[in-house]
Amino acid sequence: MINQHIVRNTLIKTMEKIFDPIPIPIILVDDKMKIQLINKAFSEYLGYEKKDMLGRDVFDLDENTRWPVVFKTKKAEIAWKHTFRNGKTAIVHRIPVLDD
């Protein structure tokens with residue numbers, strides 16, 4: 001049987017190869033609000049090193065995050081104005097990708 005941890009890590013590494021070159025900020029947060037993937041554009045926008053963000057609680061980086069609401073309601077938030085901890089404001093999309 002294939003180890004699910006290995007499959008997950010392989011998938012995340014593949015996603016990083018796809019999303020890192022994209023100049024649009026992208027983040028993947030799991031159901032425990034831990035950052036599983038963040039692309040270069042988003043880490044630079046927030047002013048952090050990618051390696052310092054992976055595995056951290058999304059609240060450590062942005063106390064105004066609405067990810068818990070998105071996970072609870074299972075509804076996307078499209079074109080929401082959001083101000084990050086660093087004072088930068090952006091129009092963001094939060095789209096839940098759920099197993100159920």
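Student: Which residues form one aromatic cluster in this structure?
Tutor: This is a predicted model in which local features need pLDDT of at least 70 and side-chain atom pairs count only at pLDDT 80 or more, whereas totals for chains, interfaces and linings use all residues. Residues are numbered from 1 along each chain as its sequence is written, and side-chain values use heavy atoms, with hydrogens and water left out. Rings of Phe, Tyr and Trp (its six-membered ring) pair if their centres lie within 6.5 Å, and planes under 30 degrees apart count as stacked, over 60 as edge-to-face and the rest as tilted. One aromatic cluster is formed by Phe42, Tyr45 and Phe84.

Student: What is the angle between the planes of phenylalanine 42 and phenylalanine 84?
Tutor: A search of the whole structure finds three aromatic pairs. Phenylalanine 42 and phenylalanine 84 form one that is edge-to-face, 5.7 Å centre to centre, and the angle between the planes is 80°.

Student: How many residues apart in sequence are the parts that tyrosine 45 and phenylalanine 84 tie together?
Tutor: Tyrosine 45 and phenylalanine 84 also form an edge-to-face pair, with 5.8 Å centre to centre and 85° between the planes. Because tyrosine 45 lies in helix H2 and phenylalanine 84 in the loop between E3 and E4 (helices, H or I, of at least four residues and strands, E, of at least two are DSSP runs, numbered from the N terminus), the parts tied together are separated in sequence by 39 residues.

Student: Is phenylalanine 84 buried or exposed?
Tutor: Buried means under 20% relative accessible area, exposed over 50%, and partly exposed in between (1.4 Å probe, protein chains only). Phenylalanine 84 has 9% relative accessibility, and therefore counts as buried.
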